[in-house]
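Visitor: Hey, mind walking me through this one? I'd like to start with a single residue and work outwards.

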Amino acid sequence: VSTQSTGEANMRAILILLAIISVTTAAPFQWQLCPGSNHFQPSDVTLVPYPAIAGRYATIHITGTLDDAINGGAWTNILYQNDVAIQTTRGNTCTLVANCPCSCAAGHRTIENSFIIPSTVSGTVTGRLEANFDNIHISGGRLICITYTFQVL
């Protein structure tokens, strides 16, 4: 066994150990509802993978109860680091509720929003996901608004 291959093996072991330590010491994923009323009441919010990885996709999953039908609307997800917006994504609310294209009836649902973590980001990031919706009774009603904080490796 050469000294070079032993050194490479040691370096790999150190890198793996550092990755394990960073994952186990990452601050927990946290979320809260924005002030005001929401037509979607979350019971669970997760981010996968956690911690997030710079340059890769992450998906926020929000499970809860939708109290009215969705026929349209728009959503915005803004990521911040040190109170500076670093990324904004937007879309149609009809694409936000998993397995429930518009018209999406009230009931137990899961909102899913995937986004790429900028490759230049590490540390603590805060996000704000806000979605409005339309139906025959409501135009521009707030579906949900949450803020969330997560770690990026």
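Guide: Sure. This is a predicted model. Let's begin with F29, which counts as buried because its relative accessibility is 17%, and the cut-off for buried is under 20%.

Visitor: Okay, and what about Y50, is that buried or exposed, or somewhere in between?

Guide: Y50 counts as partly exposed, at 26% relative accessibility.

Visitor: How many aromatic pairs are there in total?

Guide: The count comes to four aromatic pairs. One of them is F29 with Y50: the ring centres are 6.1 Å apart and the planes sit at 70 degrees, so this pair is edge-to-face. Planes over 60 degrees apart get that label.

Visitor: Where do F29 and Y50 lie in the chain?

Guide: F29 is in the loop between α1 (3-25) and β1, while Y50 is in the loop between β2 (40-48) and β3 (57-66). The pair therefore ties together parts that are 21 residues apart in sequence.

Visitor: And Y148 with F150, how are those rings arranged?

Guide: That pair is stacked, because the planes are at 20 degrees, with the centres 5.8 Å apart. Y148 and F150 are both buried.

Visitor: Which residues do the ring pairs link into a cluster?

Guide: The cluster consists of F29, Y50, F115, Y148 and F150.

Visitor: Switching to strands. What stands opposite F150?

Guide: V125 does, with F150 sitting in β8. Strands β7 (residues 123-134) and β8 (residues 139-152) run antiparallel and are joined by twelve bridges.

Visitor: What's the strand order in the sheet they belong to?

Guide: The order is β1-β8-β7-β4-β5, an open sheet of five strands with antiparallel pairing. At the edges are β1 (30-33) and β5 (84-92), each of which pairs on one side only. From one strand to the next, the twist averages 15 degrees.

Visitor: One last spot: A58. Which strand is that in, and is A58 buried or exposed?

Guide: A58 is found in strand β3. A58 is buried, since its relative accessible area is 0%.

Visitor: What does A58 touch, leaving out residues up to four places away in sequence?

Guide: On that basis, A58 touches L47, V48, P49, A52, N113, S114, F115 and I117. F115 is also a member of the ring cluster.

Visitor: How far apart are A58 and V48 in sequence and in space?

Guide: They are ten residues apart in sequence, and 5.6 Å apart in space, going C-alpha to C-alpha.

Conventions
Residues numbered from 1 in each chain as written. Predicted model: local features only at pLDDT ≥ 70, side-chain atom pairs only at ≥ 80, totals over all residues. Heavy atoms only, no water. Pairing = 2+ DSSP bridges. Helix = DSSP H or I, 4+ residues; strand = E, 2+ residues; numbered from the N terminus. Axes fitted to C-alpha atoms, helices over the stretch in contact; angles between N-to-C directions. Phe/Tyr/Trp six-rings, centres within 6.5 Å; stacked < 30°, edge-to-face > 60°. Buried < 20%, exposed > 50% of the residue type's maximum accessible area, 1.4 Å probe, protein only. Contact = heavy atoms within 4.5 Å.
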